[in-house]
Amino acid sequence: MVDSTTARANPTLDSLRLENLHTNLEDLRKQLTLRLVLLLLPTAQLIILFYDSPVAFPVGMVFFWFSLTMLGLTVLWLRSEHHTLARHLLVWGSIAAIILAMWLFPHSWIPYAGIVLVFSNSLMVQWSEFGTAVLIFLAAILINNLSPGHNYDWGSLLGLLILAVAIAALAVRTLYTTLDWVWQMHEQSKELLITTQNQQVELHSLIKSLRIVNDIRERTEQELMLAHKETQKARQLKEQFAANISHELRTPLSIILGFSEVMYLSPELYDPEPLPPTLMRDVSQIYRNSRHLLDMIDDILDLSRFEMVGFTLKKEPTNIANLISEATTIVGNLFEKSEEVNLVVNIAPNLPLIDTDQTRIRQVLLNLLNNAQRFTEVGSVTLTAQHVDNDILISVQDTGPGISEEDATAIFTEFYQVDHSLSRSHGGAGLGLAICQRFVKAHDGRIWVESEKGHGSTFSFTLPIDLSKVTHTTLHRSPLPASEVKPIQPCLLLVESDQQVSSLVTRHLDTFDVVIVEKPAALADMAELHHPLAVLYNVQPGQQVDTEAIAHITAPVIECSLPSQAWMASSLGAVASLTKPINFDKLTEHLAQLPSVQEILVIDDNPGVCQLVKRRLERDYHIHIAYKGRTGLHTMQQQRPDLIILDLMMPEMDGFAVIDAMQTDPDLAEIPVILLTATTYIEDTLAQYGNQVKIVQTTPWHPAETLAFLKSVLAGLRPTPKEFKVAA
């Protein structure tokens, strides 16, 4: 409803409301005029019809009837064209008819009929109720005085007329207010209808948008699920690639590392006389770089198999000067071959110890030095290390062609090449600097390049110093031993005899002090000695831990299933399983457990591996060699060996088929076998046995401890999406 204050403040709205009220009243009066005329005409006919006249021809009644009839017909005729005139004629004509009836007929009730006219006329003409009452009252007085046959009760007539006028006036005002309210409600209804229609349009538009969004969401979901499937497929291909590349890399690397290790650590196997120092230095370079390459291969394979977004750092207190010396020694041969380029090393004295992953930082240094040497044709490469603020700043400056500003902004991007031409003279895949950036950032450091085209380049990176471990040179001229500055880390006991699993856990749980327990029987003593935070017990799925070993352990025991070479050996009935490159110390331990072994048959399709095993073991054992699975099977059938060292991956007849054939032959089934493989068969093993994680807590936990533990565990979980079927 429109507020009256608002209406008064808005003249346009007020005039519109009055106009609408007038229009509604006119419509009401038109309808009322028609109804009163239709009531008047039948009433006139009924009066003349039922009038009981004392004379034969009542002139007065006929005249009254004629007057009423003519009044009704005239009003009816004027109503369509001259409604206002017809309305006024009906009002004042009906008053005249009452006065005429009062004059013609002596009945005392006739003036009281005027009360009805007061109400009807008040609706027909504004303020006419007052005129109707006054005229009827005056006519009654006049007729009563002029005609002795009329006798009216003035008091009652006056009182009833006044009451009728008051009621009529109040009723008309109420009608006006009601019409105003009705109009306002009508206007509000129209506004609400318009608003509702607009909102309905908006709602339809919103519904349409929601349908579009829902369609997009469903398509996006489908695309995401397809992408997830593709990712899973890519992951499987990556794992397969990792297994294949592991074999392809480890096999030649095992030969290089094995022979270089023999020559470097046991040169007496070749000649009782000492080898020349120059040769020993070269062999040590081969051995050291092979070890470095093996560490990187292990890290790459771990990242691939376990789908880790980043990589783990095995930080330890490091003398950065020694690490730089090792790196420059490795690349020294590159600069010795070039007479035009010199390597200059400037290391500030008394650099503090810093916690770094030596393999990663060594690789950063090697990448930067190799790049500088490749791009510098004449001049020098200068490596500088100094203490700046709270960082160790290491820079590699060259006098090469330099880098443009555009290339400098993208040079740390993977696969980016400064020289894009097909005939570029510098090798590389564009990964070295990207890898350097990741390794430096993982140490919370920064790496950047400063260069100008034609004036050489300077690559710099920083490694932060833990100030709590810095040795003040005013008190000590040399750093404290690493054991004194090493931080105290929570201790974990790992029950596992497989060195690869132990190395894997140690590398990835680098914030803990992982203590290896090879035999479960020693677990109780080790727990009493080290007071571990928890015990990690690696167990093959489907098997149980040694309950006696953990019976008196108060720390939580976490049973997990990290694939072990022992699982492969156990599943194939072998004595042990070794991964290439062969750890001959481990092989020697297994051989020591078989004292009756003298004749050993080595079955491997790689002659280098066979020659390496023969070179290491021929002093104490008789070594026989077979380069194919069928040849090895035939050899052992001809002359039964005491032990077989068997490679699993061979063409035609692989190691699995050789073991199957041995188990079907009673004479060969009992021969002990040591397996060799360049892969770890993690996926196949887990697919065969499944996986499990189980936590055993012998001492009760408080509910708060349980909830805190659950919170930590659940934070590391990832949701597994449902399979999404795509319609054909």
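**Exercise 1. Placing an alanine**

Where is Ala-574 found, in terms of the helices and strands around it? Keep in mind as you work that this is a predicted model.

*Solution.* Start with the neighbouring elements: Ala-574 is in the loop between α16 (565-572) and β12 (576-579). Next, look at accessibility. Ala-574 has a relative accessible area of 16%, and buried means under 20%, so Ala-574 is buried. Then look for its partners: setting aside residues up to four places away in sequence, Ala-574 touches Ala-569, Val-673 and Leu-675. Finally, check a C-alpha distance. Ala-574 and Ile-671 are 97 residues apart along the chain, with 9.2 Å between their C-alpha atoms.

**Exercise 2. A histidine in a helix**

Find out whether His-590 is buried or exposed, and which residues it contacts beyond its sequence neighbours.

*Solution.* His-590 belongs to helix α17. Its relative accessibility is 16%, so His-590 counts as buried. Leaving out neighbours within four places in sequence, the contacts of His-590 are Ala-576, Leu-578 and Ile-674.

**Exercise 3. Pairing charges**

How many salt bridges are there? Work through three of them, giving the distance and the burial of each partner.

*Solution.* The idea first: side chains of opposite charge can pair when their charged atoms come close. The count is five salt bridges, with a cut-off of 4 Å between nitrogen and oxygen.

- Step one: Arg-360 pairs with Asp-357, with 3.7 Å between the closest N and O atoms. Arg-360 is buried at 6% relative accessibility, and Asp-357 is buried at 6% too.
- Step two: Glu-589 and Lys-586 form a salt bridge at 3.9 Å, N to O. Why are they about one helical turn apart? Because Glu-589 and Lys-586 are three residues apart in helix α17 (residues 584-592). Glu-589 is partly exposed at 44%, whereas Lys-586 is buried at 17%.
- Step three: Glu-618 meets Arg-615 in a salt bridge, the closest N and O atoms lying 3.7 Å apart. Glu-618 is partly exposed, with 41% relative accessible area, and Arg-615 is partly exposed at 26%.

**Exercise 4. Two packed helices**

Describe how α5 and α6 pack, from their geometry down to the residues in contact.

*Solution.* Two packed helices are described by the angle between their axes and the distance between the axes. For helix α5 (residues 114-124) and helix α6 (residues 128-146), the angle is about 160° and the axes are 8 Å apart. Angles over 145 degrees count as roughly antiparallel, so α5 and α6 are roughly antiparallel to each other. The crossing of α5 and α6 is right-handed. On the α5 side, Gly-114, Leu-117, Val-118, Asn-121 and Ser-122 make the contact, while α6 contributes Ser-128, Glu-129, Thr-132, Ala-133 and Ile-136. Sorted by class, the contact of α5 with α6 holds four nonpolar, five polar and one charged residues.

**Exercise 5. Positive phi**

What is the phi of Asp-444, and what is the phi of His-531? Locate each residue and judge its exposure.

*Solution.* Asp-444 is not a glycine, yet its phi is positive, about 65°. Asp-444 sits in the loop between α12 (432-442) and β6 (447-451). With a relative accessible area of 63%, Asp-444 is exposed. His-531 is not a glycine either, and has a positive phi of about 50°. The loop between α15 (523-530) and β10 (534-538) holds His-531. At 64% relative accessibility, His-531 counts as exposed.

Definitions and conventions. Residues are numbered from 1 along each chain as its sequence is written. This is a predicted model: local features need pLDDT of at least 70, side-chain atom pairs count only at pLDDT 80 or more; totals for chains, interfaces and linings use all residues. Side-chain values use heavy atoms; hydrogens and water are left out. Helices (H or I, at least four residues) and strands (E, at least two) are DSSP runs, numbered from the N terminus. Buried means under 20% relative accessible area, exposed over 50%, partly exposed in between (1.4 Å probe, protein chains only). Contact means heavy atoms within 4.5 Å. A salt bridge is a side-chain nitrogen of Lys or Arg within 4 Å of a carboxyl oxygen of Asp or Glu. Axes are lines fitted to C-alpha atoms, for helices over the stretch in contact, and angles run from 0 to 180 degrees between N-to-C directions. Angles under 35 degrees count as roughly parallel, over 145 as roughly antiparallel, 65 to 115 as roughly perpendicular and the rest as oblique. A crossing is left-handed if the near helix is turned anticlockwise from the far one by less than a right angle, and right-handed if clockwise. Ala, Val, Leu, Ile, Met, Phe, Trp, Tyr, Cys and Pro count as nonpolar, Asp, Glu, Lys and Arg as charged, and the others, Gly among them, as polar.
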